[in-house]
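Here are a few exercises to work through with the structure open beside you. Try each task before reading its solution.

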Amino acid sequence: MRIFVTGASGWLGSALVPDLLDAGHEVTGLARSDAAATALSGAGAEVVRGTIDDLDVLGTAAAASDGVVHLAFKHDIAFTGDFAGAAQADRRAVDTLADALAGSGRPLVVAGGFMGFPPGRTTTERDRPSTDASALSVRALTAAAVLDAAELGVRSSVVRLSPTCHGEGDAGFMASLVAVARDKGVAGHLGDGTNRWPAVHRLDAARLFRLAVERAPAGTVLHGVADEGVEIRAVAEVIGRHLGVPVAQIAPGDAPAHFSWLAGFIGQDLPASSALTRELLDWRPLRPGLLEDLEKGHYFGA
């Protein structure tokens with residue numbers, strides 16, 4: 001298959017591209033910079049220059065492909081105050097990709113997440129998030145639109161990706177928590193720290209996206225989850241031990257000052273199951289779990 005990948009040079013895309021190539025597929029990757037284009041070419045992929053705002057570019061590349069994996073998202077503006085703008089740009093891109101594939105039976109696999117689900121209970125692939133007037137709901141509505149594209153002749157699927165997609169080189173949530181603990185001299189958690197985050201290793205997640213584009217049925221929700229729910233207190237304990245700093249509870253009122261942009265996420269309790277995904281696609285996580293990966297030390301400069 002000839003697969004068009006957005007976000008192809010990003011944290012997950014840079015693992016997916018070689019996985020696709022190793023499986024015998026051809027890859028065309030969207031690149032918004034010279035550095036991204038060079039990385040993709042070096043990996044063996046063809047390059048399409050542009051961003052997810054270049055809708056004509058997206059539509060043309062999707063129409064010329066045998067399938068699309070959409071990973072790109074404007075994280076740079078999402079986490080600096082304009083989540084709504086990032087989510088709206090994502091919706092426009094998804095609609096463009098779906099229109100380009102309509103009636104073809106070709107796959108469209110889109111990355112989603114776990115925001116918008118009731119806290120404290122294990123989310124399964126059968127669950128659907130609530131929608132309201134918030135910016136977060138824009139992403140939920142985008143995921144629903146992807147699934148609805150199945151009725152338009154697109155073999156569409158959504159992979160809800162764990163908030164912690166970890167591995168060596170990770171600059172996301174775990175690296176940020178380590179940086180906060182190093183800066184503040186405390187590895188903190190909110191409340192008793194028993195709230196849980198699902199997690200998955202980057203390489204396991206990449207393999208799931210490949211399996212999805214190869215054979216996920218139309219209108220399928222999949223879960224990129226290896227660890228169903230890792231307690232944030234356990235994460236803080238590993239961080240504290242490696243940095244040699246105390247582990248402490250942070251009061252909710254002090255969370256913004258302590259955790260900065262992480263304050264809105266650190267207290268989330270969102271365990272999730274991937275049992276149906278494993279059964280449907282015979283996907284089995286093979287890489288270390290989150291706590292094991294943290295213990296390896298690469299998040300701490302070791």
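A residue counts as buried when its relative accessible area is under 20%, as exposed when that area is over 50%, and as partly exposed in between. Keep in mind that this is a predicted model.

**Exercise 1. Burial in a salt bridge**

Task: Classify Asp269 as buried or exposed, then find what the salt bridge between Asp269 and Arg196 ties together.

Solution:
1. Asp269 has a relative accessibility of 15%. The cut-off for buried is under 20%, so Asp269 counts as buried.
2. Now take the partner: the side chains of Asp269 and Arg196 form a salt bridge, with 3.0 Å from N to O.
3. Place both residues. Asp269 sits in the loop between helix 11 (263-266) and helix 12 (275-281), while Arg196 belongs to strand 9 (residues 196-201), so the pair ties together parts that are 73 residues apart in sequence.
4. Arg196, at a relative accessible area of 25%, is partly exposed.

**Exercise 2. Two further pairs**

Task: For the salt bridges Arg121 with Asp127 and Arg284 with Asp282, assign each residue to its exposure class.

Solution:
1. Start with Arg121 and Asp127, whose side chains meet at 3.4 Å, N to O. Arg121 has a relative accessible area of 36% and is partly exposed; Asp127, at 16%, is buried.
2. Go on to Arg284 and Asp282, which meet at 4.0 Å, N to O. Arg284 is partly exposed at 40%, whereas Asp282 is exposed at 55%.
3. For a related case, look at Arg2, Glu26 and Glu46, which are joined into one network by salt bridges that share partners.
4. The count for the model comes to 14 salt bridges.

**Exercise 3. The whole chain**

Task: Decide why the protein chain can be called as compact as a globular protein of its length.

Solution:
1. List the elements: the protein chain has 13 helices and 12 strands.
2. Compare the radius of gyration with the rule. The value is 19 Å, close to the 19 Å that the globule rule gives for 302 residues, so the chain is as compact as a globular protein of that length.
3. Add the extent: along the principal axes, the C-alpha atoms fill a box of roughly 55 × 40 × 35 Å.
4. Turn to burial, where 49% of the 302 residues count as buried.
5. Check the contacts. Among those between residues at least 6 apart in sequence, 79% join residues at least 24 apart.
6. Finish with the surface and charges. The chain exposes about 12,500 Å², and carbon and sulfur atoms supply 50% of that area. The mean positions of its 26 positive and 36 negative charges lie 2 Å apart.

Definitions and conventions. Residues are numbered from 1 along each chain as its sequence is written. This is a predicted model: local features need pLDDT of at least 70, side-chain atom pairs count only at pLDDT 80 or more; totals for chains, interfaces and linings use all residues. Side-chain values use heavy atoms; hydrogens and water are left out. Helices (H or I, at least four residues) and strands (E, at least two) are DSSP runs, numbered from the N terminus. The radius of gyration is taken over C-alpha atoms; the globule rule is 2.2 Å times the number of residues to the power 0.38. Buried means under 20% relative accessible area, exposed over 50%, partly exposed in between (1.4 Å probe, protein chains only). Contact means heavy atoms within 4.5 Å. Accessible areas come from the Shrake-Rupley method with a 1.4 Å probe; for residues, only the protein chains shown count as cover. Lys and Arg count as positive and Asp and Glu as negative; His and the chain ends are not counted. The place of a charge is taken as NZ of Lys, CZ of Arg, CG of Asp or CD of Glu.
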